[in-house]
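Please look through the structure shown here, which the following paragraphs describe step by step.

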Amino acid sequence: MSAVDEVFVRLRADGKKAFMPFITAGDPDLEFTADCLRALDAVGCHLIELGIPYSDPIADGPTIQASYTRALNAGTRLDAIFEMVGRVSSEVKAPIISMVSYAIIFRLGIDEFLRRATAAGLSGAIVPDLPVDESEQFAAKCEDADFSLIQLITPTTSGDRAVQIAKKSMGFIYYVSIAGITGERKELPPELIENLTSLRKMTELPICVGFGISQPIHAELLKPVADGLIVGSAIVRRMADVKDDVSRTRTLKEISEFASTMIQAID
Amino acid sequence: MFGESAQQELRPPVTRPAKEFLVSSRSDTLAFDLSSSFSSQPSSDSQLPDAKGRFGKFGGRFVPETLVAALDQLQSEYEKAQGDPEFQNRLDALLKDFVGRPSPLYFAKRLSDLCGGAQIWFKREDLNHTGSHKINNTLGQALLTLRMGKSRVIAETGAGQHGVATATACAHFGIPCVVYMGEEDVRRQQPNVQSMKLLGAEIHPVTTGSRTLRDAVNEAMRDWMSSVVDTHYILGSVVGPHPFPKIVRDFQSVIGRETINQSKDRFGRLPDIVVACVGGGSNAAGMFYPFVAETDVPLVGIEAGGRNSSAGNHASPLTYGEPGVLHGSFSYVLQDDDGQTQDVHSASAGLDYPGVGPEHSYWMSTGRVQYRSCTDAQALQAFDAVATQEGILPALESSHAVFAAMEIARSRTPDEIVLVCLSGRGDKDAAEIQRLKKEFDK
């Protein structure tokens with residue numbers, strides 16, 4: 001059983017839901033990322049998604065694009081990201097899951113990526129540009145390494161295909177709330193609850209919802225139909241303000257408070 | 001710099017040994033010995049891509065799940081259209097009456113005399129309506145848009161040629177059209193920006209990244225992520241996820257099919273060598289694909305060598321890059337060791353792209369096509385030569401291929417035929433070329 005599986009077994013036994021914040025590695029620097037990982041774990045986040053900055057993220061809206069650009073412009077390299085995760089992962093209880101483009105994984109080599117990711121203590125990966133049809137080889141190796149390759153299902157996915165994807169996904173299913181890119185949205189799509197209800201009937205795997213989720217009210221709405229929530233842009237947006245020690249401390253506090261609010265709303 | 005001295009260099013009679021080919025290549029030892037390596041190619045290449053969109057190991061579909069259903073729909077609708085004579089008749093009629101096909105095969109006599117070797121012939125895609133080969137694809141994809149019942153079109157553009165061709169097709173059919181274009185390209189390709197607006201298209205300048213073609217593709221893909229249900233993305237080159245590389249190649253293949261027929265009519269045989277420029281690679285794929293089975297005819301693709309061969313100064317993934325994933329496809333790319341896309345440079349906005357169509361990567365791997373790159377300065381030299389010797393302003397993109405053709409022609413005999421795809425006209429580049437000349441003079 002992978003670290004991600006264990007989290008959901010525990011949560012389900014307690015009748016609770018997962019909150020999973022997303023942060024970008026290296027925005028504005030890796031020390032701040034390390035502080036965020038510790039802080040988000042300390043307030044009780046159940047899993048943490050760590051975005052590996054990429055030059056051409058086509059599934060991301062302006063907030064996460066800008067964050068990736070800041071991280072890359074600051075000179076964030078993969079070596080340093082793995083090194084930082086390696087230092088911090090033993091201190092945090094929450095499994096850390098990477099969000100990483102297949103362009104990066106392929107360049108490193110899938111074996112080398114898995115070796116370094118698992119050595120650093122990453123528990124899984126969400127690979128937004130590796131649909132299930134292209135993932136067979138990588139998925140088999142992830143399975144062997146007890147490393148959760150989390151697959152995505154979207155509103156444009158047909159029912160038959162959703163069943164196939166659910167069979168292949170490990171850890172949980174990432175349900176994308178809208179046909180679109182990442183970014184905060186005030187209103188969730190009206191058909192979201194219905195989509196989740198029908199997906200629930202197709203699979204036993206935990207279902208976490210992401211894209212557009214940004215407010216406590218969203219958590220309350222989704223609590224009955226989802227096993228967890230993923231929030232990215234609403235957190236990453238705040239990182240743009242980090243400049244000096246004062247703003248570092250202030251932003252860290254804001255992010256922790258926001259995460260606490262969301263955890264309470266979903267509890 | 002390239003003004004007077006280039007003219008001198010181009011003056012006949014200049015005889016050069018074949019090995020002195022000036023452009024850069026991955027395997028220098030090959031030079032231009034193009035006689036031997038083509039006989040053993042399997043003819044089954046024309047059946048590619050396979051069901052998963054692979055040309056050998058290249059191609060595929062590396063996209064977010066949100067886009068998979070739309071790509072499946074496009075593939076199935078395209079397959080139906082291929083089997084529908086009505087669709088083909090409609091496209092053929094448009095290509096004839098609206099585009100002006102077939103485009104002529106033209107003997108560039110004074111240019112050939114200048115080089116003092118083989119005959120240089122142009123396939124005149126620059127004479128198509130809208131001034132380039134791009135219209136061959138946009139009309140086909142606009143017809144597919146109607147078949148799929150989609151009501152809006154988006155497109156990316158670099159030089160603006162694909163943007164103009166998409167805006168034109170959309171105006172023709174009355175489909176609303178949004179074109180994404182990097183801010184840097186908006187600056188250097190103003191005439192095309194104006195044309196697109198006059199044709200009723202909405203231009204979205206892209207301000208992220210290097211503000212060129214790659215960023216325009218990113219933005220178009222992001223739009224499509226949100227609009228996929230009612231919008232078709234008319235991708236302009238043989239890049240991107242399956243089935244785009246196949247569809248665009250097929251629509252562009254009219255270039256190569258016509259060239260084969262025209263060559264048989266004019267020469268009683270096929271050309272001795274065929275040259276085309278490669279950015280994403282759509283004019284080259286359209287020209288080469290029908291020639292792939294004609295293994296006696298060497299094929300040469302010319303990438304943008306930019307300023308020099310160091311990272312960030314060129315746009316030649318086949319010459320200098322590595323296999324990797326970009327924009328939904330596995331092909332040669334220009335990336336750093338972490339898999340981040342590198343900045344690229346070319347004076348030509350249409351070639352200023354860090355990736356290339358997967359079928360080109362495949363053709364390079366089998367040796368069926370040889371790829372080289374030539375620099376900004378060399379392309380400008382060729383531009384000048386074609387302008388002053390032939391009275392044709394070639395696109396800067398096509399000028400890359402012309403430069404290579406001139407070099408090849410010099411080492412050949414007058415009975416040989418070097419055929420170049422003149423993929424577009426250069427009116428759009430006039431202002432940018434003036435600016436570049438000043439920059440070079442400094």
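In this predicted model, strand β7 of chain B, made of residues 177-182, pairs with β8(B) in the parallel sense, and 5 bridges join the two. One of the residues involved is B:Val179, whose bridge partner in β8(B) is B:Ile203. In general, the strands of a sheet pair through backbone hydrogen bonds, and they may do so in a parallel or an antiparallel way.

This pair belongs to an open sheet of 4 strands in chain B, which are arranged in the order β8-β7-β6-β9 with parallel pairing. At the edges of the sheet are β8 (202-206) and β9 (231-233) of chain B, each of which pairs on one side only. From one strand to the next, the twist averages 20°.

Across these strands lies a helix, α9 of chain B, which is formed by residues 213-227 and lies across β6 (152-157), β7, β8 and β9 of chain B. Relative to β6(B), the helix α9(B) runs at about 160°.

The helix α9(B) also has a part in the contact between the chains, to which chain B brings 26 residues and chain A brings 31 residues. On the side of chain B that touches chain A, the elements that give two or more residues are α2 (65-82), α9 and β12 (322-326) of chain B, and α9(B) gives the most, with 6 residues. Sorted by kind, the residues on this side of chain B comprise 11 nonpolar, 10 polar and 5 charged.

Turning to chain A, we come to helix α1, which covers residues 3-14. With 12 residues at 1.5 Å a residue, α1(A) should span 16 Å, and because its end C-alpha atoms are 17 Å apart, the expected and the computed values agree.

Which residues of α1(A) are buried? They are A:Ala3, A:Val4, A:Val7 and A:Phe8, and because these residues cover an arc of only 140° around the axis, they are on the same side of α1(A). An α-helix has 3.6 residues a turn, so residues that are three or four places apart point the same way. The buried residues of α1(A) pack against four strands of chain A, namely β1 (18-24), β3 (96-99), β4 (122-126) and β5 (148-153). On the other side of α1(A), by contrast, A:Val9, A:Arg10 and A:Ala13 are exposed. After the helix α1(A) comes A:Gly15, which has a positive phi, near 65°.

Definitions and conventions
Residues numbered from 1 in each chain as written. Chains lettered and ligands numbered in written order. Predicted model: local features only at pLDDT ≥ 70, side-chain atom pairs only at ≥ 80, totals over all residues. Pairing = 2+ DSSP bridges. Axes fitted to C-alpha atoms, helices over the stretch in contact; angles between N-to-C directions. Contact = placed C-beta atoms within 7 Å. Expected span 1.5 Å × (residues − 1). Buried ≥ 20, exposed ≤ 12 C-beta atoms within 10 Å, placed from the backbone. Arc of directions from axis to C-beta. Nonpolar A, V, L, I, M, F, W, Y, C, P; charged D, E, K, R; others polar.
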